[in-house]
Amino acid sequence: MNNNFLLLIPEFIVTGLAFVVLTLDLFLPERRKWVLPFVAVAGLAVALVISLAYLWGVNDSLYDGVIRVDGYALFFKAFFIALGGVVILVSVDFVRRNLDHPGEYYGILLFTVVAMMLLAASGELLTAYISLELLSFGLYVLVAYDRYNAKSNEGATKYILLGAFSSALLLFGISQIYGLLGTTRFDEISRALAGAGALSPGLILGIALIVAGLGFKVAAVPFHMWAPDAYEGAPIPITAHLAVGSKAAAFALVLRLFAEAFMPIVEQWQVLLVGLAVITMLLGNLVALAQRNLKRLLAYSSVGQVGYLLMGVAALAKTGESGTSIELSHLASNGIMLHLVAYAVTNMAAFLCLAAVFNITGRDDIAGMAGVARRAPLVGLVFAVSLFSLAGLPIFVGFTSKFYLFNAAAAQGLLWVAGVAIFASLISLYYYLMVVRQLYIEPAGDAARIPVPPLTMGVLGALFAGMIMLGVYPAPLMRAVQYASDALF
C-alpha cells in the first residue's frame, strides 16, 4: 500500500496556518493583533490555489480507501476553504468590538475548516466520525466564546450535551454496521448490502441510529432542539458558521454515505428520509413565524433549508424502482451541492448585515432592524436581497438552486414532496417580508447613520454580486458541481 501524503497538502497547510495564527497571537502586542485575521485569510488563499493546482483531476486514496482524494472531495475542500475565509472576514469587526483573545478564536476556526475538509474526503465511517467530532469540539468552544454572556453559556451547554448524545447514537450505529457487515468502508458496505438479501433487524437499527446521529448534526426535525439556543447564544459570525459550514460539512458526508454505501438498500431508507424532509421543511418554517429574535428566526429558517436538502438526498434514486438512473442521481446530487453553495453565499450576507447592525446598536431582534435601510443603505439592500434569495425569489441564487433541487425530486417521483417544499417556501416568504418591512417601512428609533467599515462594505458587495451573478448565470458553478458529481457516481 503506497500512501502519497502530498494528497493531504490542503489539510496540512490549513493545520499549519492555525498553529501559525496561535503562535503569532502569543508574541504580537495588543495593538498589532489586527493582522491575525488577514494572515489567516492570506494563508487560506494559498491553500485554495495549491489545492486546485495540485489535486485537479486526481482520483486516488490513502490507507486503502479510508481517505478519498477525488473531484468530490476537492469541490468541498475548495468550498470550505473559501467559506472559512469569508467567516474570518465577517468576524473581523465583531471580534475587535466584542471578543477577547482573537488569536485563539481564529485558530479554532481554522481547525474546524480542517475537520470539514476531512469530512468531505472520508471514505469510511470511523474516519468520518473522528472528523465530525473534531468539527463539533471546535464549534462547542466557539459557541461558548463570549463566556460572560449568559445566553452564550446556555446555548453552548445545550449544544454540548445534545452533541455528545448524538455522537453516541452515531457510534452505536457504526458499531452495529461493523458487527454485522465486518467493515466500515463505504464501498465494502455497498457490496455487502448488495449481496445480503433481506436486511436483519440489527442492520436496520444500525442505519436508523446513523440517520438519527447525523440528524442531530444537521438539525433535522425532531433532532433540532439545540439549534435555536445555540444560534442565539453564539457570537454572530459563529452563528453563520454553524448555519452554513457545519451543515455543508455534514451533508458532504451524508451525500457520499448514501450514494456510495447505502444505495443498494434505497427502498429501506428513502421513505424515512422523505418523512424527515417533510416534517423538517414544515416545522422549521412554521415555528420561524413566531420568532422575534433574528438569530432564532434564521435558526428555524436553516432547519427548513435542511428539509429541502434531505429531500434531495431522498431523490438520489427513483421511488418504487430497484434500479437507479445515473442521470437522475446526478440531477439530485447536483441540486444538493448547488443549494449548499447558494445557501452559504446568501446566509453569510444575511449574518454579516446583522453583525454590522449589532456592532453599533447592540440589537439582534427583528424590531431592532427598523429604519436600517435609511441608516445604512448598503446593509439594508444586501439584507433584503439575502432574505429574498433565502425565500427563493427569481433572479437570486436561492431561486436557481431551489429550482434544480425541486426539479430533481419531481423527476424521481417525489412530486408531492416538491409541492410541500414549494408550500414551505411560501411560508418562509412571509417571515422574511416581516424583516424587510422593518428595514424599509418602519421608522427608526434613532435616525443616526450606522457606520459600516470599508472591509465590511467590500465583503457585502462581493456577497451581493455572488447572489445576483450565480442566480442569473450559474453555468461556471454548475460545471464545478458536475465535476464533483462525476467523481461521486
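**View 1. Helix H3 gives the most to the lining of the second largest pocket, with five residues.** This close-up comes from a predicted model, so let us start with who sits around this pocket. The second largest pocket has 19 lining residues, and nearest its centre you will find Lys33, Trp34, Val92, Val95 and Arg96. At least two lining residues come from each of H2, H3, helix H4 (102-121) and H18.

**View 2. The second largest pocket has a mixed lining: twelve residues are nonpolar, two polar and five charged.** Its volume is about 400 Å³.

**View 3. The largest pocket has a volume of about 670 Å³.** Look for Ala78, Phe79, Ala82, Leu83 and Val341, the closest to the centre among the 27 residues that line this pocket. Five helices each give two or more residues to its lining: H2 (36-55), H3 (71-98), H13 (326-361), H18 (454-472) and H19 (475-488).

**View 4. Helix H3 also supplies the largest share of the lining of the largest pocket, ten residues.** What kinds of residues make up this lining? There are 26 nonpolar residues and one polar residue, while no charged residue takes part.

**View 5. Confidence in the chain is lowest in strand S1 and highest in helix H15.** Strand S1 covers residues 60-62 and has a mean pLDDT of 82, whereas helix H15, residues 377-391, reaches 93. For the chain, the mean pLDDT is 89, with 98% of the residues at 70 or more. A handy reminder for any such picture: predicted coordinates should not be read in detail where pLDDT is low.

Key
Residues numbered from 1 in each chain as written. Predicted model: local features only at pLDDT ≥ 70, side-chain atom pairs only at ≥ 80, totals over all residues. Heavy atoms only, no water. pLDDT = per-residue confidence, 0-100. Helix = DSSP H or I, 4+ residues; strand = E, 2+ residues; numbered from the N terminus. 1 Å grid on protein atoms, 1.4 Å probe; cavity = no way out; pocket = protein on both sides within 12 Å on 5 of 7 lines; lining within 4 Å. Points joined across faces, edges and corners; volume = space filled by probe spheres on them. Nonpolar A, V, L, I, M, F, W, Y, C, P; charged D, E, K, R; others polar.
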